[in-house]
Amino acid sequence: MAAVRSSRGSRARRAGRAAGRAVHRSLTGAGRGLRRATHAQGAGESGLAQLIELHAVNAAGDMMITIALASTVFFSVPAHEARGRVALYLLVTMAPFALLAPVVGPLLDRVPHGRRAAVAGSMLARAVLALLLSRAVAGGGLELYPEALGVLVASKAYGVVRSAVVPRLLPPRVSLVRANSRVTLAGLLATAVAAPLGAGLHLIGPSWPLYGACAVFAAGAFLAFSLPPKVDSGRGEARAELASRGGAGRGGRRSRPGLRTVGPSVLHGLRANASLRALSGFLTFFLAFLLREHPLGGLGAAVSLGLVAVAAGAGNALGTAVGAGLKARAPELIVAAVLGLALGALVLAALGYEALAVVVVPAAAAVAGLCQALAKLSLDAMIQRDVPEAVRTSAFARSETVLQLSWVVGGALGIVLPLVGVLGMAVAAALVATGAAGAGRGLLDAGRRGGRPAPRVR
């Protein structure tokens, strides 16, 4: 008997070692595959690969904090209370952020030599705030709101710095639109991995996703310094304004170059992207409340919300992949096309909501995600092409701030609107129509002219 037990134990150990080797080989192979993907086309030599990996870490941490806050602010209370609670959350966090956001870009623009430290600081701040939030989430204290505001500001500060850093890390064979596509895809993949992990941690306790976020952001703070030193270089850079100050200044001196001095494409593209970003904020909040009280036909609230979230994420990923494949040819025409596509999808959603809500709502969310991704990548391409290098970094920071504020405005509208599906889809269509009216013709005209070359900054 002892010999039999010994033989069985030996077979079990061999099987365990074989399974361990198989898992190790699979993980090692996956890691090598990911590393080859992030380092392809010279990204490893230029430093873009390090930024891609850093953005994946950032996206994973943000998703874990989002899960913890959504569970506390939205899902932990009855449906009739959730709207007021989220409205309070927006009032206490988004309203101060709307005042702070215009300051973030110019402030970071003044310290171009400390970008790695700024990224590390945004990560470290969120690591500390995640720990503080873990106590607020467990106790339900009001300190949750200012701490959430701090997380939001730190996250947006990272986004502004990241947009400013990408042009400095472009490999010779990679365009800016493709580089941003790869960074965005890494973030989407990390979010897809972090979402179920955060949900699993939440099953242990409401504070556990925040503990996970703290660990992720702490790792990101160290990873920020793996970016190459040229990220901190400010050589040849100048500040950009969202509006030209026009004419000669006092004493005959020329004013600083602004985005309007580099041709109409960038401003038209920014207006179009602002309408699509407002659409994103609107759909996020409006559909969250609408589907909780009025789920899609035959489905529960959680399944309805999950279906729409998956559709929007898939659309965003598809738009990012398509943008990389298009190589940013005629970006003005791409933005004009996605405005028309989004408007058409939302009009159809409004018309067909009563009869086919279970189909038209996820489809509208997917189209909105696709259009937002393509429009943003095309705006990046226009900035790269039309904005002189001397002000390009600043232009990315300023444009990102405008887009973030647009999302806040759209989200606030989604909170206050009555929960009527047809009305919501009609308002969503009106947001896109506003962008199309303000920028559509200009984008088409600029696209037919083939854009405009970057002028010389004097």
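This short report walks through the fold, the surface and the cysteines of one protein chain.

Let us start with the overall picture. The model is predicted, and its chain holds 13 helices and 0 strands. Reading from the N terminus, you meet one α element after another. Of the 458 residues in the chain, 51% are buried. Contacts with a separation of 6 or more can be sorted by how far apart the partners sit in the sequence, and 83% of them join residues 24 or more positions apart.

Now look at the outside. The chain has an accessible surface of about 20,400 Å², and carbon and sulfur atoms account for 66% of that area. One place to find on the surface is a nonpolar patch of about 460 Å², made by Leu299, Val303, Leu307, Leu356, Val358 and Val359. Two elements, α10 (301-326) and α11 (331-386), each give two or more residues to this patch. Helix α11 gives the most, with 3 residues. Val359 has its place in helix α11.

Finally, turn to the cysteines. A disulfide is a covalent bond between the sulfur atoms of two cysteines. How many disulfides does a search of the whole structure find? The search finds 0.

The table sets two cysteines beside Val359 from the patch.

| Residue | Relative accessible area | Class |
|---|---|---|
| Cys214 | 15% | buried |
| Cys371 | 0% | buried |
| Val359 | 48% | partly exposed |

Cys214 counts as buried because its 15% relative accessibility falls under the 20% cut-off. Val359, at 48%, lies between the 20% and 50% limits, so this residue is called partly exposed.

Methods
Residues are numbered from 1 along each chain as its sequence is written. This is a predicted model: local features need pLDDT of at least 70, side-chain atom pairs count only at pLDDT 80 or more; totals for chains, interfaces and linings use all residues. Side-chain values use heavy atoms; hydrogens and water are left out. Patches are made of residues with over 30% relative accessible area and no salt bridge: like charges are joined within 9 Å, nonpolar side chains (Val, Leu, Ile, Met, Phe, Trp, Tyr) within 5 Å. Accessible areas come from the Shrake-Rupley method with a 1.4 Å probe; for residues, only the protein chains shown count as cover. A salt bridge is a side-chain nitrogen of Lys or Arg within 4 Å of a carboxyl oxygen of Asp or Glu. Helices (H or I, at least four residues) and strands (E, at least two) are DSSP runs, numbered from the N terminus. Buried means under 20% relative accessible area, exposed over 50%, partly exposed in between (1.4 Å probe, protein chains only). A disulfide is a pair of cysteine sulfur atoms within 2.5 Å. Contact means heavy atoms within 4.5 Å.
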